[in-house]
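Trainee: Got a minute to go through this one with me? I'd like to start with how the chains meet.
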Amino acid sequence: MADATYTQGRVATADRGRLWVVLYLATTGLVLLLMMLAGLWMRLAQSGWLYTDPALFYELMTVHGTGMVGIAALGGAAVLWHFLSAYVRLNAWVMGANFALFLIGVVAILVAEFIGGFGGGWTFLYPLPAISQDVWPAWAAAMHMGGLLVIGVGFLIWCLELARAIIATYGGLGRGLGWHVLFRGSTQNVPPPTVVAATMVTIVTTLALIAGAAVLVMSLVNLAFPAVEINPLLAKNLIYFFGHTFINATIYMGVAVVYELLPRITGRPWKTSKVFLAAWTLSTTMVLIIFPHHLMMDFAMPIWAMVIGQIFSYVNSFPVLIVTGLGALAILHRSGIRWDMVSTLLLTSVFGWMAGVIPAVIDATVVVNSVMHNTLWVPGHFHFYLLLGLLPMIFAFMIYLARDEDVTPRGGDLMAILYLAFGLTFVTMFLVGGWASVPRRWAEHLPEWQIWDQIAVIMASGVITLATIFVAMFLVRMPAMLRAR
Amino acid sequence: MSIQTVCALLTLVAILALSAVVLRVRILAQEGHDYAPVQGNAYRIRAIGFWILVLVGLPISIWLFRENPYTVQATAPQVINATGYQWYWDLDRSEVAAGAPVEFRVTSADVNHGFGIYDPTGELVAQTQAMPGYINRLTHVFETPGNYQVLCLEYCGLVHHAMITEIVVTEGTTNG
């Protein structure tokens, strides 16, 4: 197969939203640490080491889930914006607008949870927000979902700006995905990997946000006028289409740092080949259609949707495993590099993403889902690729910026290795919990389950300590980064 | 061996294999070589991996779909109507016989719940969602007599973790 080659040429990126990229990352880091502490608190409660009122536990659970999805998107957006700026002309005010809406939404959500007592989960699964047996008032549910809506509008504007810029530079989203290369054999205006990833992200995230906004508005109407009911199965489909696609898109945002930095570190190009383009087109399609794997235990769903949920979830692993994962390993293999913090974090992220796919695909098999769905296996697999896939990408990007975009190896990588060790053991405890049939989202655990929770607490403490160090490395350099912009 | 154990072992083996590959890349990365032969090998591995995933994995995935809970037997000899409420289960009967299919007709009177059946050892053996406005029909054969528990597996609010009830499975036959 003939490859249309794009060779990585640029070194430093003069993005016009630099101020906002730095603010996004600082916010990501600080909120991340707070959300990690909330997660630690939940594991402490489950372990039996810290009594926690269930109402508070479920508020923490709601904040933790919502906050982590939010900062995954915020951090991923910072990564993608920065590197995409080298190829297309982006308007920096969009980053500012999204940031302002994000903060407004966060304040609304915090008020809803900690003053209003809302604990409906980040999935706000209809009709739970409206039916809490008076545990939280309707205004708290409305404020939580209104906050989500505001945040969603911000990210929608952000996605549309990416789409506009890609269309303006490459002539269309299809060309951003490289279809002129893939289907017509053109070698002109070949999109680099980051542009291909950005095009995929803007397509799937826009559709996800529209679905999310639709179900949020419907739920808000239901809160105001309870007589206006929603079909619960329709609501569930919309919620999982939104949630599944949005959280998946965050790692496709973050992967830009892998595509951009590994070539600079190793001096080897990341080629935009036809296989690469086919993989991203496949991912674009698959991410949008495989969400029914979240609804396999809803027997009212049509059986063809379940077939898609199982078979195409499996197929969706191909691009991650054999294109991005293998591609990254090939670039590193016998490249003559000296490992440092940034390169080890990038390797960790590739491992975390690839490995996280394995329990996810297994759980997306109906026969398995029947005995694994909504057990701790589920947080096991998504913590795998968020904690060990996405976060190392964001940490690597933070440290890269803190080092003035210089990829010359410096210092050791012990902390990155320790992060991997603690993180891997932490997520393994979730998977072991799934193997032991422990239900997810339970405020209290049975004594026989608590040994896994207790090990998780210790490991989470290590993860939080190292994450604090990574974030601090970025924050101490923040004034200098802002002065240099 | 339970499905959970098979899955855990499969995951363990696959992640260990991946770890070995990543570790090898990490160790050998410090040797400098030309990229072309490395890339050529990677392309070969990619092609082999792709065809293994297609020719071995895909048929297995399709074959596994035959084991799905969506096809309900027309005449299950035992039926339990189950309704989820915040925060308890209402079952119209709580005793069934082992060895014969039981059809659970599961719904909810308020929010979404998850109807998870745990065997006496605490292992999840079957589940379905309890959703308002829908009746999910789950057929299960209890092979072993004993006290089985139903736990809520879909977050449903403040007392979600205490939404538990029991089904007694006896030996021999029970009138449907």
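Mentor: Sure, we'll take the contact between the chains, then the salt bridges, then some strands, and keep in mind that this is a predicted model.

Trainee: OK, how many residues does each chain put into the contact?
Mentor: Chain A gives 84 residues and chain B gives 75 residues.

Trainee: And how much area do they bury between them?
Mentor: About 7,000 Å², with 69% of it on carbon and sulfur atoms. On the chain A side, F299(A), R334(A) and W442(A) lose the most area to chain B, together 11% of what that side buries.

Trainee: What about polar contacts across the two chains, how many residue pairs?
Mentor: There are 39 residue pairs in polar contact between chain A and chain B, counting pairs with both residues at pLDDT 80 or more.

Trainee: Which helix of chain A gives the most to the side that touches chain B?
Mentor: That's helix 13 of chain A, with eight residues. Several other helices of chain A supply at least two residues each, including helix 2 (54-84), helix 8 (232-254) and helix 16 (414-435).

Trainee: How does that side split by class?
Mentor: The side of chain A that touches chain B has 55 nonpolar, 19 polar and ten charged residues.

Trainee: On to charges. How many salt bridges are there between chain A and chain B?
Mentor: Three between chain A and chain B, while the count over all chains is 13.

Trainee: Can you walk me through a couple of the ones that cross?
Mentor: R441(A) pairs with E154(B), at 3.9 Å from N to O. Another is R26(B) with D413(A), at 2.8 Å. There, R26(B) sits in helix 1 (residues 3-28) of chain B, and D413(A) is in the loop between helix 15 and helix 16 of chain A.

Trainee: Is D413(A) buried or exposed?
Mentor: D413(A) has a relative accessible area of 10%, and the cut-off for buried is under 20%, so D413(A) counts as buried.

Trainee: Now inside chain A, what does R18(A) pair with?
Mentor: R18(A) forms a salt bridge with E405(A), and their closest N and O atoms are 2.7 Å apart. This pair links distant parts of the chain, 387 residues apart: R18(A) is in helix 1 (residues 18-47) of chain A and E405(A) is in the loop between helix 15 and helix 16 of chain A.

Trainee: Why do those two count as buried?
Mentor: Because buried means under 20% relative accessible area: R18(A) has 13% and E405(A) has 9%.

Trainee: And R264(A), where does its partner lie?
Mentor: R264(A) pairs with E260(A), the closest N and O atoms being 3.2 Å apart. Both lie in helix 9 (residues 256-266) of chain A, four residues apart, about one turn of the helix. Both residues are buried too.

Trainee: Switching to chain B, how many residues of strand 4 are buried?
Mentor: Seven of the eight residues in strand 4 (residues 101-108) of chain B are buried.

Trainee: Which way do its neighbours run, parallel or antiparallel?
Mentor: One of each. Strand 1 (residues 78-85) of chain B pairs with strand 4 of chain B in the parallel sense, over seven bridges. Strand 7 (residues 136-141) of chain B is antiparallel to strand 4 of chain B, with six bridges joining them.

Trainee: Which residues are bridge partners of V106(B)?
Mentor: In strand 4 of chain B, V106(B) is the bridge partner of A82(B). V106(B) also has N136(B), in strand 7 of chain B, as a bridge partner.

Methods:
Residues are numbered from 1 along each chain as its sequence is written. Chains are lettered from A and ligands numbered from 1 in the order in which they are written. This is a predicted model: local features need pLDDT of at least 70, side-chain atom pairs count only at pLDDT 80 or more; totals for chains, interfaces and linings use all residues. Side-chain values use heavy atoms; hydrogens and water are left out. Contact means heavy atoms within 4.5 Å. Buried area is the accessible area (1.4 Å probe) that two parts lose on being put together, summed over both. A salt bridge is a side-chain nitrogen of Lys or Arg within 4 Å of a carboxyl oxygen of Asp or Glu. A polar contact is a pair of N or O atoms within 3.5 Å; within protein, one must be able to donate a hydrogen and the other to accept it, and residues adjacent in sequence count only if both atoms are side-chain atoms. Ala, Val, Leu, Ile, Met, Phe, Trp, Tyr, Cys and Pro count as nonpolar, Asp, Glu, Lys and Arg as charged, and the others, Gly among them, as polar. Buried means under 20% relative accessible area, exposed over 50%, partly exposed in between (1.4 Å probe, protein chains only). Two strands pair if DSSP finds at least two bridges between them.
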